[in-house]
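This report goes through a protein model part by part. Please look over the sequence and the structure first.

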Amino acid sequence: MLKDRSVDVIFGIPGVHNQEMYRGIEEAGLMHVLARHEQGAGFMADGYARATGKPGVAYVITGPGLCNIMTPMGQAYSDSVPLLVLSSCLDETAARRGQLHQMKDQRAAAETVCDWSEDARTAEAAYALIDRALVEFTAQRPRPKHIQVPIAALQDPAPPAPAPTGYVNTDAPQMTQALDAILAAERVLFVLGGGARIAPSVTRMVLRALGAASFTTYAGRGIVGPDDPLHFGATLARPGSAEVIGTADLVVVIGSELAEVDIWRKDLGHAGAMIRVDIDPAQFGGTGPRTLNLHCDGGLFMRGLLDRLEHQEASGGWSTGEVADARARWRAETDAERPGIVAVCDALRAAVADDTMIYSDMTQFAYVAKEVWPMDRPGHWHHPYGFGTLGYAMPAAIGGAVARRGLPTMAIIGDYGFHYTMQELGVAVELGLSLPIILWDNGKLGEIEDSMVRSQIAPNAVVARNPDFCKLAQAFGARARAPQTLSQMQTDVRAAFDADGPTLIYLTPGLTA
């Protein structure tokens with residue numbers, strides 16, 4: 001049934017409670033990737049989904065298996081990733097106690113970190129719920145789903161399951177009003193989030209025709225090309241961006257929550273009118289009386305706007321000079337906050353191909369890179385926004401590399417985050433993935449230490465004993481490099497993309513030019 005729904009890879013770990021889910025996998029022509037921990041399986045499925053746009057599917061066992069994958073489920077919920085988790089569950093829990101892997105309420109536990117969690121008591125119910133999940137992934141904001149099947153039901157004969165019909169998004173009635181407001185404004189500013197990644201070429205044509213300025217969220221990086229002279233970049237978190245946004249007479253927000261992790265302040269800073277376009281109507285609460293909300297797909301909206309711009313002249317309300325000055329000022333601020341990392345980012349960017357897909361972790365290196373590393377295409381830098389879990393990058397990059405065989409994929413992770421999922425390095429070795437893993441080791445929880453100092457708290461519990469990471473990688477069968485200069489780092493990174501397995505590239509703040 002999964003194969004008929006275009007699923008081709010499953011990530012997971014078999015156990016005695018879910019072994020029936022593995023019957024027939026090879027006969028169906030499906031690939032199964034054996035993770036070392038259910039958290040790794042979930043992140044791999046997440047990385048696969050982000051790389052392909054297709055749902056990532058994970059198999060886990062009852063109880064601890066489901067609990068272990070809840071962190072990836074929470075991350076996928078924050079970042080709108082189509083992750084489908086299929087687990088076994090006990091047949092009965094009210095009258096029997098002390099069973100293997102028993103929980104008080106497994107279904108309810110999973111529901112706290114996903115869109116919905118349901119029991120499938122029959123084969124027909126399992127098929128129907130899987131189809132519901134797959135349709136909802138395309139019909140609305142994609143968020144993780146969990147379906148659990150009792151152990152006994154997994155052994156039942158399964159009937160055929162015809163595929164459901166597709167879903168077509170429709171226009172919104174306020175479209176004309178929104179387009180008229182955009183065409184009448186002089187200083188139009190677009191804020192483009194991850195939900196606006198559908199039609200980047202159309203978006204770029206619209207911005208040029210309007211003479212509009214733009215920001216992207218971190219998840220929206222690459223929607224606007226780095227050569228656009230009116231693009232402020234992914235710099236919404238810079239305090240000075242609020243002042244710039246306040247000078248716009250109309251702000252158009254497409255596919256963004258404007259969440260805390262996007263702007264890191266209470267509000268965006270706009271003083272004029274706003275148009276919000278989103279496939280999720282939950283984003284429309286508390287937006288103010290001068291906001292026009294459109295429950296609409298972002299790509300559909302931009303195509304409708306482009307159709308209206310055929311004979312429209314650019315308003316010219318923004319100057320390239322003010323944008324360039326702001327970007328230079330904010331880049332300098334970023335460099336001053338975390339000294340030395342900008343230069344490493346610049347050198348690393350010069351060493352990777354334009355179509356490299358990057359997965360980063362909660363590390364100071366990534367915090368800097370998200371602001372100063374320009375992207376020329378969307379959907380090629382993935383980070384654990386929102387939920388903000390450690391240990392995401394490497395297993396997610398493994399999932400991305402499985403999906404992108406023959407195309408460059410890279411992970412960026414900090415020393416502490418690497419501890420969380422380092423065991424998944426064995427999976428990358430087994431699969432022979434040409435995966436550079438950039439490990440940034442500042443010897444501590446550097447971001448937490450800085451925060452404690454700013455709060456006048458004596459830094460405590462921010463230093464952990466690290467292993468010899470290069471020897472550890474070699475013990476798994478991976479290659480390892482520890483460059484001392486930026487040029488040597490570039491050489492090692494280029495070689496890693498051509499290697500017949502993963503390469504750990506160990507970097508410290510002491511890198512020299």
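A residue is called buried when its relative accessible area is under 20%, exposed when it is over 50%, and partly exposed in between. The model described here is predicted.

## A buried salt bridge

By that definition, arginine 141 and aspartate 280 are both buried. The two residues form a salt bridge, in which the closest N and O atoms are 2.9 Å apart. Arginine 141 is found in the loop between helix H6 (123–139) and strand E6 (145–150), and aspartate 280 in the loop between strand E10 (273–278) and strand E11 (291–295), so the pair ties together parts that are 139 residues apart in sequence.

## Other salt bridges

Side chains of opposite charge can pair when their charged atoms come close. In this model the count of salt bridges comes to 23. One of them joins the side chains of arginine 187 and glutamate 322, at 3.2 Å from N to O. This pair links distant parts of the chain, 135 residues apart: arginine 187 is in the loop between helix H8 (175–184) and strand E7 (188–192), while glutamate 322 belongs to helix H13 (residues 320–337). Arginine 187 counts as buried because its relative accessible area is 18%, under the 20% cut-off. Glutamate 322 has a relative accessibility of 29%, so this residue counts as partly exposed.

Helix H13 also holds arginine 331, and aspartate 346 lies in helix H14 (residues 341–351), so their pairing ties together parts that are 15 residues apart in sequence. In this salt bridge between arginine 331 and aspartate 346, the closest N and O atoms are 2.5 Å apart. Arginine 331 is partly exposed, at 35% relative accessibility, and aspartate 346 is partly exposed as well, with a relative accessible area of 34%. Elsewhere, salt bridges link Asp115, Glu118, Arg132, Glu136 and Lys145 in a network.

## Strand E1 and its partners

Strand E1 (residues 9–12) is covered on both faces. Val9 and Phe11 are buried on one side, and Ile10 and Gly12 are buried on the other.

E1 runs parallel to strand E2 (residues 31–34), and four bridges join the two. The pairing of E1 with strand E3 (residues 56–60) is also parallel, over three bridges. Glycine 12 takes part in both pairings: its bridge partner in E2 is leucine 34, and in E3 glycine 12 stands opposite tyrosine 59.

## The six-stranded sheet

Further along the chain, six strands make an open sheet with parallel pairing, in the order E13-E12-E14-E15-E17-E16. Strand E13 (381–382) and strand E16 (479–481) are at the edges, each pairing on one side only. Within the sheet, strand E12 (residues 357–360) and strand E14 (residues 409–414) run parallel and are joined by four bridges. Here tyrosine 359 stands opposite alanine 411 in E14.

Helix H16 (residues 393–403) packs on this sheet, where it touches E12, E14 and strand E15 (436–440). The direction of H16 makes about 175° with that of E14. Helix H21 (residues 486–498) lies across E14, E15, E16 and strand E17 (503–507), and runs at about 165° to E17.

## Proline 502

Which loop holds proline 502? Proline 502 has its place in the loop between H21 and E17. This residue counts as buried because its relative accessible area is 2%, under the 20% cut-off.

Leaving aside residues up to four places away in sequence, proline 502 touches Leu425, Ala428, Val429, Leu433, Leu435, Ile437, Ala478 and Arg479. By contrast, 42 Å separates the C-alpha atoms of proline 502 and cysteine 296, which are 206 residues apart along the chain.

## Helix H19

In helix H19 (residues 446–454), the buried residues are Gly446, Glu449 and Met452. Seen down the axis of H19, these buried residues fall within an arc of 125°, so they line one face of the helix. An α-helix has 3.6 residues a turn, so residues three or four places apart point the same way.

Helix H15 (364–372) is included in what covers the buried residues of H19. After H19 comes glutamine 456, whose phi is positive, near 60°.

Notes. Residues are numbered from 1 along each chain as its sequence is written. This is a predicted model: local features need pLDDT of at least 70, side-chain atom pairs count only at pLDDT 80 or more; totals for chains, interfaces and linings use all residues. Side-chain values use heavy atoms; hydrogens and water are left out. Two strands pair if DSSP finds at least two bridges between them. Contact means heavy atoms within 4.5 Å. Axes are lines fitted to C-alpha atoms, for helices over the stretch in contact, and angles run from 0 to 180 degrees between N-to-C directions. Buried means under 20% relative accessible area, exposed over 50%, partly exposed in between (1.4 Å probe, protein chains only). A salt bridge is a side-chain nitrogen of Lys or Arg within 4 Å of a carboxyl oxygen of Asp or Glu. The arc is that of the directions from the helix axis to the C-beta atoms.
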